[in-house]
Amino acid sequence: MESLYYVMAWACHRKCRHCYEDRFRPYVRGALEDVVAEAERNHSRIIDNFPERFTYRDMDDPQADGSLPEKTGRIILSGGESLIDPARERVTYRVIERLRSRYEAQGGVKIVVQTTGDLVTDAIIDDLLARGVWMISVAGVDDFHVGMEGADRQRRFVDQLTTMFEAHGMRASGLSATTRNWHEEEGPLFSFFGATPDSWIGKLWPRGRAWQNGLSSATLADNFCNRWSGGLNFLRHRYNGSEVSVEPDGSVYPCCVKTKLPIGSLLEDSLIDILDSLTGVPAYEAITMGHPERMGLAYGVTEDKFVASSRTLTPAGKIYQNLCIGCDRFHERVLGPVLEEARARRRARRASREASGDVDRVASVAGASR
């Protein structure tokens, strides 16, 4: 697989009004312990169900003989805030160490730590680089983050962190975060981005507090599915362009925007089994092609009906239309049973594999006793 976006824990030190997920917020006392403990409890099982190798074949870069080169993929570790106490020590560092151990002899993996940036210190940079982090990506450079309003403040913030990163031997990424193959650069790197007009999230997704606060300016013309970090190519896990999103409870989604229902859980199944169980399922083939408006064709829902169902009112009562709304409604009305059928197929295949393994073990024991 080329890319995976892993939300390790919900804890954050901010409650940004533009955030796509209202579970990202400050937690205190017992509530903070609950979200950190969830991440701590689940991350080993989640990582164990990641692909055996985190590499992919790049169809955009064939070799002279026509073969496809195998390239190293990336895992983006995020929150919430990945560097907040106590999640940094108990979750983020442990996740990085487990990923390094899992993949160092399997082609490796590029590990990206995403942060708002205002908790970064020299000691934390040392900790991350010592654990083999390939990039520190600062995601809070925009007017929506309190204290970051205005170009002058953002420039000072970027300059301050740039000086700090460069003092540790890091260099700035030469590619934009909206460029799919930015992980092909040599690390260790640092990068900056935010919810700005030139970003792929510039118009904001109709999700979380961004939706509640009426901040999404997306229209029907803004197909978040048909772009990087949308659903585009998510089922083609062997090749370039595939990415999925994973939550702290193991839920898997075909995009960072997140569909209304998860497509599976890494506490139950391997990621590859989940994706392969949806191969050929019409609704998810439409998503992986970047055309969610065609999700319903095999279920009696025309494109016109789907587009009509993408129309709604914002919490403030304004007319709003975007394909993500139609996707949400189609999941609610149709896709629950479809996903349960895929889950049942995975359980049946797992039971078959286990039974086959039992038979092989019995035969091996019988052969040894002869």
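**Figure 1. The lining of the largest cavity draws at least two residues from each of β4 (74–78), β5 (110–115) and α5.** The model is predicted: local features need pLDDT of at least 70 and side-chain atom pairs pLDDT 80 or more, whereas totals for chains, interfaces and linings use all residues. Residues are numbered from 1 along each chain as its sequence is written, and side-chain values use heavy atoms, without hydrogens or water. Helices (H or I, at least four residues) and strands (E, at least two) are DSSP runs, numbered from the N terminus. The cavity shown has a volume of about 660 Å³, and the structure holds 4 cavities of 30 Å³ or more. A cavity is a set of points, on a 1 Å grid over the protein atoms alone, where a 1.4 Å probe fits but cannot get out, and its lining residues have an atom within 4 Å of a point; points are joined across faces, edges and corners, and the volume is the space filled by probe spheres set on them. Of the 37 lining residues, Tyr5, Tyr20, Gln114, Ala139 and Ile201 lie nearest the centre of the largest cavity. By class, this lining has 20 nonpolar, 11 polar and 6 charged residues, where Ala, Val, Leu, Ile, Met, Phe, Trp, Tyr, Cys and Pro count as nonpolar, Asp, Glu, Lys and Arg as charged, and the others, Gly among them, as polar.

**Figure 2. The second largest cavity, with a volume of about 130 Å³, is lined by 17 residues.** The residues nearest its centre are Cys225, Cys255, Thr259, Cys324 and Cys327, and α9 makes the largest share of the lining, with 4 residues. Sorted by class, the lining of the second largest cavity comprises 10 nonpolar, 4 polar and 3 charged residues.

**Figure 3. The largest pocket encloses about 340 Å³ of space and is lined by 17 residues.** A pocket is an open set of grid points with protein on both sides within 12 Å along at least five of seven lines. Tyr20, Glu21, Arg207, Gly208 and Lys260 are the lining residues that lie nearest the centre of the largest pocket. Two elements, α5 (208–212) and α9 (323–369), give two or more residues to this lining, and α5 gives the most, with 3. The lining of the largest pocket divides by class into 6 nonpolar, 3 polar and 8 charged residues.

**Figure 4. Asp328 in helix α9 is a buried residue.** The relative accessible area of Asp328 is 11%, and buried means under 20%, exposed over 50% and partly exposed in between (1.4 Å probe, protein chains only). Not counting residues up to four places away in sequence, Asp328 touches Arg207, Thr259 and Lys260, contact meaning heavy atoms within 4.5 Å. Arg207 and Lys260 are also among the residues nearest the centre of the largest pocket, while Thr259 is one of those nearest the centre of the second largest cavity. Asp328 and Ser310 are separated by 18 residues in sequence and by 8.7 Å in space, taken from C-alpha to C-alpha.

**Figure 5. Ser309 belongs to helix α8 (residues 303–309).** With a relative accessible area of 13%, Ser309 is buried. Leaving aside neighbours within four places in sequence, Ser309 is in contact with Ile325, Gly326, Arg329 and Arg333.

**Figure 6. Two cysteines are shown in a structure that holds 0 disulfides.** A disulfide is taken as a pair of cysteine sulfur atoms within 2.5 Å. For Cys19, which is in no disulfide, the nearest cysteine sulfur belongs to Cys16 and is 6.5 Å away; Cys19 counts as buried, at 13% relative accessibility. Cys255 is likewise in no disulfide, and the nearest cysteine sulfur, that of Cys225, is 6.5 Å away. Cys255 is buried, with a relative accessible area of 12%.

**Figure 7. Two peptide bonds that precede proline, Asp85 to Pro86 and Gly187 to Pro188, are cis.** Omega is near -5° for the bond from Asp85 to Pro86, and Pro86 is placed in the loop between β4 and α2. For the bond that joins Gly187 and Pro188, omega is about 5°, and the place of Pro188 is in the loop between β7 (171–172) and β8 (189–192).

**Figure 8. Arg29 and Asn233 have positive phi values, although neither is a glycine.** Phi of Arg29 is near 50°; this residue lies in helix α1 (residues 29–48) and, at 72% relative accessibility, counts as exposed. Phi of Asn233 is near 70°, and Asn233 is found in the loop between α5 and β9 (243–246), where Asn233 is buried, with a relative accessible area of 19%.
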